[in-house]
Amino acid sequence: KQSYDRLLNEVKVYANRGLWLDVGCSYGWLLERVNEVGYEPLGLEPSSAAAMEARSRGVKVIEGLFPNDVPAGTRPAVISFMDVLEHLPDPVVALQAARTQLAPGGVVVVQVPDQSCLLYQLAEGLCRLTAGKSSFALKRLWLVGFEFPHRYYFTPRTLQAALTAAGLQVRRAFRRSRAIGRRFQ
């Protein structure tokens, strides 16, 4: 709850009400919190089990993929990608789609794993040092063998480049590579 409250305090500066679309909403925990503070929550989740669990707790969740399964005419004030962009085939295309779907003045919120973090650097170093024999840590970080593996990792610089390429401007950035983007005007 505390991490969501920090996020909500930051987002409210740019969009303090309206539809909040959480892409890859998992079990809907963020959406439960945004509902409590006055946003209209809507989740999009590719995992049937996670979507069903969220709906069982009263969270409105569409099972599907972004942007194809977002209902036509949906204009969110906020679109969040919380630990989701790294799973998508083309993060820039997803961010471009988010930009075009936003309501006027809307924001895109992104949180991604940071490839420049110490844990990632240690796993990569161990793999290199052992000529790949100790690749278990990197495979776990990439979620190798999982239903939705990581396809990308970002650094603050590469996340900034992806947001810029999508026509979004970073308004606020935080360690852990969370950024709040807004359409260029």
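Student: Which residues are exposed on the other side of helix 3?

Tutor: Exposed here means over 50% relative accessible area. In this predicted model, Ala 49, Met 52 and Ser 56 of helix 3 are exposed. Opposite them, the buried residues of helix 3 (residues 48-56) are Ala 50, Ala 51 and Ala 54. Those three span an arc of only 100° around the axis, so they sit on the same side of helix 3.

Student: And what covers the buried residues of helix 3?

Tutor: The cover includes strand 2 (39-45) and strand 3 (61-63). Just after helix 3, have a look at Gly 58, with its positive phi of about 90°.

Student: Now helix 2. Which of its residues are buried?

Tutor: Buried means under 20% relative accessible area. For helix 2 (residues 29-36), that gives Leu 30, Leu 31, Arg 33 and Val 34. Their arc around the axis is only 160°, which puts them on the same side of helix 2. Right after helix 2 comes Gly 38, whose phi is positive, about 105°.

Student: At what angle do helix 4 and helix 7 pack?

Tutor: Angles under 35 degrees count as roughly parallel and 65 to 115 as roughly perpendicular. Helix 4 (residues 91-101) and helix 7 (residues 156-165) pack at about 50°, their axes 8 Å apart. That angle makes helix 4 oblique to helix 7, and the crossing is right-handed.

Student: Which residues make the contact?

Tutor: Helix 4 brings Val 92, Leu 95 and Gln 96, while helix 7 brings Ala 162, Leu 163 and Ala 165. Sorted by class, the contact of helix 4 with helix 7 has five nonpolar residues, one polar and no charged ones.

Key:
Residues are numbered from 1 along each chain as its sequence is written. This is a predicted model: local features need pLDDT of at least 70, side-chain atom pairs count only at pLDDT 80 or more; totals for chains, interfaces and linings use all residues. Side-chain values use heavy atoms; hydrogens and water are left out. Buried means under 20% relative accessible area, exposed over 50%, partly exposed in between (1.4 Å probe, protein chains only). Helices (H or I, at least four residues) and strands (E, at least two) are DSSP runs, numbered from the N terminus. The arc is that of the directions from the helix axis to the C-beta atoms. Axes are lines fitted to C-alpha atoms, for helices over the stretch in contact, and angles run from 0 to 180 degrees between N-to-C directions. Angles under 35 degrees count as roughly parallel, over 145 as roughly antiparallel, 65 to 115 as roughly perpendicular and the rest as oblique. A crossing is left-handed if the near helix is turned anticlockwise from the far one by less than a right angle, and right-handed if clockwise. Contact means heavy atoms within 4.5 Å. Ala, Val, Leu, Ile, Met, Phe, Trp, Tyr, Cys and Pro count as nonpolar, Asp, Glu, Lys and Arg as charged, and the others, Gly among them, as polar.
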